[in-house]
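Biologist: I would like a close look at a single part of this protein, the strands that pair with one another and the pocket beside them. Could you take me through that part slowly, residue by residue where it helps?

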Amino acid sequence: GFDTASRGSPGVYELKLDGVRILARRDAHDATLRYRSGRSATQSYPEVTRALRALPGRRLVLDGEVVAFDDRGRPDFQRLGRRIHATRPNDARIAAREVPVSYLVFDLLAVGDSDLRRLPLLERKRLLARIVRGKGQIRLLDHIEDDARPLWAFVRAQGLEGVIAKRAESAYVL
């Protein structure tokens, strides 16, 4: 099951999104997005890049997923395909109008001069919640602690992708 608390290892559970994993970095006035492969994603998601520049603080490194939603509010990877391949500025602007996306952030790796990767996951998430607020272009991906059964029931009922389980005390490893 999903209840790891009873085994002495508290868990953190999140929705498994049907999107693309993106590492976002903002230094002073510059913002970049990268796929896990290291390839630049900055041109493909100009609205996310602009929103990243608007977040508080002079330096941030975030981990999350860019997601396109269908008409029922469910992540839709097929819709996202157009955005992934739009790398020229004009193509990206047209694709952004036709396929809006959100960047759902689930981890905070650095703030200012502080590398946070060794902090426990729940502490990084608490810090992240102070930075990413509201329902703008960049959103905080919520989580459930200790028992994922309610989240799992929701995922099954809605026909969503799944649930991601993480250890609450874990350091960040990509």
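Modeller: Strands β2 and β4 are a good place to begin, since in this predicted model they pair in the antiparallel sense over 8 bridges. One position in that pairing can be named on both sides, as Ala 24 has Leu 62 of β4 for its bridge partner. In general, the strands of a sheet pair through backbone hydrogen bonds, in either the parallel or the antiparallel sense.

β2, which covers residues 20-27, also pairs with β3 (residues 30-35), again in antiparallel fashion, and here 6 bridges join the two. Within this pairing Ile 22 stands opposite Tyr 35 of β3, and Arg 25 has Thr 32 of β3 as its bridge partner. The hairpin that β2 and β3 form has 2 residues between the strands, and in it Ala 28 takes a positive phi near 50°.

The side chains of these two strands are worth following face by face. In a regular strand the side chains alternate between the two faces of the sheet. On β2 the covered face carries Val 20, Ile 22, Ala 24 and Arg 26, whereas Arg 21, Leu 23, Arg 25 and Asp 27 make up the uncovered one. β3 shows an alternation as well, for Ala 31, Leu 33 and Tyr 35 point to one face and are buried, while Asp 30, Thr 32 and Arg 34 point to the other face and are not buried. Read together with the pairings, Ile 22 of the covered face of β2 stands opposite Tyr 35, a buried residue of β3, and Arg 25 of the uncovered face is bridged to Thr 32, which is not buried.

Strand β5 (102-111) supplies two residues that can be examined individually. Ser 102 belongs to this strand and counts as buried because its relative accessibility is 6%. Setting aside residues up to four places away in sequence, Ser 102 touches Glu 65, Val 66, Val 67, Phe 69, Gln 137 and Arg 139. Leu 109, also found in β5, counts as buried because its relative accessibility is 6%. Apart from neighbours within four places in sequence, Leu 109 is in contact with Leu 23, Val 61, Ser 114, Asp 115, Leu 116, Arg 117 and Tyr 172; among these is Leu 23, which lies on the uncovered face of β2.

A further set of strands forms an open sheet of 3 strands in the order β8-β1-β9, with antiparallel pairing. β8 (144-145) and β9 (162-167) stand at the edges with a single partner strand each, so one side of each has no neighbour in the sheet. Strand β1, residues 11-16, runs antiparallel to β9 and is joined to it by 6 bridges, and in that pairing Val 12 has Lys 166 of β9 as its bridge partner. Helix α5 (residues 149-158) packs on this sheet and touches β1, β8 and β9, its direction making about 160° with that of β9. Helix α4 (residues 121-131) lies across β1, β8 and β9 too, and runs at about 55° to β1. In the loop between β8 and α5 sits Asp 146, a residue other than glycine whose phi is nevertheless positive, near 70°. Asp 146 counts as partly exposed because its relative accessibility is 32%.

The pocket brings several of these elements together. The largest pocket has a volume of about 340 Å³. It is lined by 21 residues, and those closest to its centre are Glu 14, Arg 21, Phe 106, Ile 164 and Lys 166. Two or more lining residues come from each of β1, β4 (59-67), β5, α4 and β9, and β1 gives the most, with 3 residues. By character the lining divides into 10 nonpolar, 2 polar and 9 charged residues. Two of the residues closest to the centre have already appeared in this account: Arg 21 and Lys 166. Arg 21 lies on the uncovered face of β2, and Lys 166 is the bridge partner of Val 12.

Terms used: Residues are numbered from 1 along each chain as its sequence is written. This is a predicted model: local features need pLDDT of at least 70, side-chain atom pairs count only at pLDDT 80 or more; totals for chains, interfaces and linings use all residues. Side-chain values use heavy atoms; hydrogens and water are left out. Two strands pair if DSSP finds at least two bridges between them. Helices (H or I, at least four residues) and strands (E, at least two) are DSSP runs, numbered from the N terminus. Contact means heavy atoms within 4.5 Å. Axes are lines fitted to C-alpha atoms, for helices over the stretch in contact, and angles run from 0 to 180 degrees between N-to-C directions. On a 1 Å grid over the protein atoms alone, a cavity is a set of points where a 1.4 Å probe fits but cannot get out, and a pocket is an open set with protein on both sides within 12 Å along at least five of seven lines; lining residues have an atom within 4 Å of a point. Grid points are joined across faces, edges and corners, and a volume is the space filled by probe spheres set on the points. Ala, Val, Leu, Ile, Met, Phe, Trp, Tyr, Cys and Pro count as nonpolar, Asp, Glu, Lys and Arg as charged, and the others, Gly among them, as polar. Buried means under 20% relative accessible area, exposed over 50%, partly exposed in between (1.4 Å probe, protein chains only).
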